[in-house]
Amino acid sequence: MRLTDWIVLIITLSGIIAYGVYKSKTSKDMEGYFLSNRNMPWYIVLLSIMGTQASAITFLSAPGQAFTDGMRFVQYYFGIPIAMVVLCITFVPLFSKLKVITAYEYLEQRFDVKTRTFTSALFLLSRGLSTGISIYAPSIILSSLMGWDIYYTNIVMGGLLIVYTVTGGAKAVAYTQQIQLIIIFIGMFIAGYLIVKHLPENVGFSEALAVSGAAGKMNIITTGFTENGFDWKDRYNIISGIIGGFFLALSYFGTDQSQVGRYLTAKSESESKLGLLMNGLVKVPMQFFILLLGALLFTFYQFNPSPIFFNRAAEDKAMQTPYKDSLLQIRYQFEDEQFSQQANSKLFVLNATPALKDSVANGAEKLAILKKEYKAVIKKAVPTADTNDTNYIFLRFVVDFLPAGLVGLLIAIIFLAAWGSIAAALNSLASCTMVDFHKRFFSQHSNANMEAQSFKDYQLSKWYTFFWGVFCIITAQFATGMGSLIEAVNVLGSLFYGVILGIFLVAFYLKKIGGTAVFWAAVMGELLVVALFLLDKYNIIGLGFLWLNVAGALAVIAFSVILGFFKR
């Protein structure tokens, strides 16, 4: 990066931290630290919900996901609007009425302490691990830009984040997310405009979409059906998106404390509902646009020289090994094939015949094969290298083609997205640890001096936030080589979300089921989900990860009914 970029980056990030600390004044107790005294308006709730979900993984990995696999990932979000309506009818009124700090407090009132503790523990495990992956995402940027070892960059990123999260609590998180999202949207629109601007003179927005479509990248709606019937292993199609995405969204927004904690900050039940409903309206278009950047970026590289491998740091290491000649040979083949592909793409824009469309598609396939061969050689040269470069595609374009100053702004945007979601996650992890474990099992005090005890709890909450920050940094050290991060974090969540949702659904709708039945049903349900995941991983069965959410929820309900019947 150039000096201008560093200045823009430092000023933007410093300003956000200062603003967050400035806006973080609340009462010095758990209600103030975790829920901002429940006084947030709906639009802050909306932006906080969106900022929590839209991490750096979204803006760093999603364009690369569309670049490699097309737009079909957008179907993953189709269940969100339906889930928001269900949440506003069921979850929100109950949580608002009970004035809970964490969602899991309700489970002890409905069932018993072991069910509450088990559910909260599942959340802590899933959110702690996924937050570690979220820290790893912006670390990739620092590592690529500065040539730092990824392990040190994880420490730097996590350390900066801990500072204002520990200091400010929920209010700092909410208000910084407001500014972060505004900057993020401006920056992403500018990036999209510049991608189209850098295309040849006779290639506009519609022509760019046509080229992407010819190469199969505009696969927005897919059914999942093949000549052999429905493909259960297909991860992204309209059926898995609506059904599996609905269950995942219902669990994430309804039972994951990182999101529940956001709308519990609202000053009224109606403000919570409005924030959630607006999120349902804007989330799909927002994600569509982010993925569209990846499809446009694919077209951009059909007319401009494209790297055969986007992770420059790993490629440079491989070039220092005896495999250099093999890599150069594949690269020269790639460059020759790319020259032909550019010619075919230009002809297709002038005359979109079926034959030329096939030429563009075939050329894209040949380039993909050469990329795969190149990655295989890099893996031999540097066995520890991350050869899945999906997460580096958008970043490489930003660094190589954007003007001075704007590079710094786009890098700042990815940092801000990371900070917004991770700060909310750390806040929720600390709240569950404090409320569901410390206060429930270890805090023994009388009501003699409630004010002093309240301040003590507030201080301890900060220490728990710090602890989880350190835990997530350690987790980030093991995130290398996970491939597309936006997929990895959603696969991880799907291992737990269905079971957690099933527990809440039993609590809401099966009033005769007791705590012991649902507890053992949840344990068996979790074991079933893990078994299904492993069977899919080793290709014994084929099941896309979104279906794990459906399986987990239905398994808990079914096991609860069976165990409840025998208990009678």
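## Two helices, side by side

An axis here is a line fitted to C-alpha atoms, for a helix over the stretch in contact, and the angle between two axes runs from 0 to 180 degrees between their N-to-C directions. With that in hand, look at helix α5 (residues 80-89) and helix α6 (residues 91-98) in this predicted model: they pack at an angle of about 40°, and their axes are 3 Å apart. On the α5 side, the contact uses V86, L87, C88 and I89, while α6 brings F91, V92 and P93. Sort those residues by class and you get seven nonpolar, no polar and no charged.

## The whole chain

Now zoom out. The protein chain has 23 helices and two strands, so there are plenty of helices to look at. Of its 568 residues, 60% are buried. The chain exposes about 22,300 Å², with carbon and sulfur atoms supplying 64% of that area.

What about contacts along the sequence? Take the contacts with a separation of 6 or more: 85% of them join residues that sit 24 or more positions apart.

## Another pair: α13 and α17

Two packed helices are described by the angle between their axes and the distance between the axes. For helix α13 (residues 269-303) and helix α17 (residues 393-401), the angle is about 55° and the axes are 11 Å apart. That makes α13 oblique to α17, because an angle of this kind is neither under 35 degrees nor in the range from 65 to 115. The crossing of these two helices is left-handed.

Which residues of α13 and α17 meet? From α13 come L297, F300 and Y301, and from α17 come I393, F394, F397 and F401. The class count for this contact is seven nonpolar, no polar and no charged.

## Two loop residues with positive phi

Go back to α6 and follow the chain onward. K99 lies in the loop between α6 and α7 (105-110). Its phi is near 55°, a positive value in a residue other than glycine. Is K99 buried or exposed? K99 counts as exposed because its relative accessibility is 56%, and the cut-off for exposed is over 50%.

You can find another case in the loop between α22 (515-537) and α23 (546-567), where N539 sits. N539 isn't a glycine either, yet its phi is positive, at about 60°. With 59% relative accessibility, N539 counts as exposed.

Technical notes. Residues are numbered from 1 along each chain as its sequence is written. This is a predicted model: local features need pLDDT of at least 70, side-chain atom pairs count only at pLDDT 80 or more; totals for chains, interfaces and linings use all residues. Side-chain values use heavy atoms; hydrogens and water are left out. Helices (H or I, at least four residues) and strands (E, at least two) are DSSP runs, numbered from the N terminus. Buried means under 20% relative accessible area, exposed over 50%, partly exposed in between (1.4 Å probe, protein chains only). Contact means heavy atoms within 4.5 Å. Accessible areas come from the Shrake-Rupley method with a 1.4 Å probe; for residues, only the protein chains shown count as cover. Angles under 35 degrees count as roughly parallel, over 145 as roughly antiparallel, 65 to 115 as roughly perpendicular and the rest as oblique. A crossing is left-handed if the near helix is turned anticlockwise from the far one by less than a right angle, and right-handed if clockwise. Ala, Val, Leu, Ile, Met, Phe, Trp, Tyr, Cys and Pro count as nonpolar, Asp, Glu, Lys and Arg as charged, and the others, Gly among them, as polar.
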